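Colleague: Could you take one part of this model and go through it slowly, in a way that a first-year student can follow?

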Amino acid sequence: MSIRGCRRRVLPALLPGLAAVLLCGADAPEVHVAPLDSVGPRTMELQTQSSLVRDYLQAWQTMAGAFEQNRPEMLDGSFVGAAKDQLLNTIRQQQKAGIQTLYRDQSHDLRVLFYSPEGLSIELLDKVEFEVEVRDHGKAVAKEHVRTNYMVILTPAESKWKVRVFQGGSEPTKAVESDRGLATSPAIRAI
């Protein structure tokens with residue numbers, strides 16, 4: 001068996017573990033990556049496979065920090081285009097309302113749907129599960145457990161993959177707490 005053949009069989013099994021190691025934390029989400037052997041006309045390079053997972057999970061961490069701290073400039077490192085505009089608008093809305101949103105992603109089930117022939121975009125589906133908490137001037141007013149799907153398009157920029165399109169719908173599965181009827185805050189609807 002060649003080294004190249006071994007890589008094709010071993011890497012898909014190692015990617016979830018690699019993603020968890022990269023996040024290195026007790027609160028790191030569980031990550032599953034579907035096999036990447038038929039994602040388009042172009043074969044995805046090993047380096048691209050690992051950087052895709054790393055950069056996408058980092059984008060979730062970046063987004064969580066930006067929403068929690070109401071700092072839209074934090075999005076610059078991981079988001080571009082329509083995804084960045086959408087998230088910037090939502091953060092500005094929550095700043096005006098005096099709220100913060102805390103996201104804790106618990107699991108990601110990633111499936112790459114397409115890798116463009118020129119290597120300039122990757123489309124993936126993320127079946128994600130997360131907790132979201134809304135705070136009004138520091139006081140928790142709503143908390144939900146959410147399971148949803150996101151269609152994501154990533155593009156290479158500045159030696160990493162950035163999220164260009166981030167579309168999804170949320171289906172709250174359990175409202176844990178709600179003091180002011182904020183079952184669906186602007187921040188929850190935006191992502």
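What follows is a close look at one helix and a salt bridge that involves one of its residues.

Colleague: Please look closely at helix 3: which of its residues are buried, and which exposed residues does the face turned away from them carry?

Modeller: Please keep in mind throughout that this is a predicted model. Helix 3 covers residues 81-97, which makes 17 residues, and from its first C-alpha to its last it reaches 25 Å, a span close to the 24 Å expected at 1.5 Å a residue. Along this helix the buried residues are Ala-83, Leu-87, Leu-88, Thr-90, Ile-91 and Gln-94. When one looks down the axis of helix 3, these buried residues fall within an arc of 165 degrees, so they line one face of the helix. The general background is that an α-helix has 3.6 residues a turn, so residues three or four places apart point the same way. Turned away from the buried side of helix 3 is a face that carries the exposed residues Asp-85 and Lys-96. Just after the helix comes Gly-98, which takes a positive phi of about 75 degrees.

One residue of the stretch 81-97, Lys-84, also forms a salt bridge with Asp-76, in which the closest N and O atoms are 2.6 Å apart. Asp-76 itself is partly exposed, for its relative accessible area is 37%. As a general point, side chains of opposite charge can pair when their charged atoms come close. The structure as a whole holds six salt bridges, and another of them joins Arg-71 to Glu-73, with 2.7 Å between the closest N and O atoms.

How values were computed
Residues numbered from 1 in each chain as written. Predicted model: local features only at pLDDT ≥ 70, side-chain atom pairs only at ≥ 80, totals over all residues. Heavy atoms only, no water. Salt bridge = Lys/Arg side-chain N within 4 Å of Asp/Glu carboxyl O. Buried < 20%, exposed > 50% of the residue type's maximum accessible area, 1.4 Å probe, protein only. Helix = DSSP H or I, 4+ residues; strand = E, 2+ residues; numbered from the N terminus. Expected span 1.5 Å × (residues − 1). Arc of directions from axis to C-beta.
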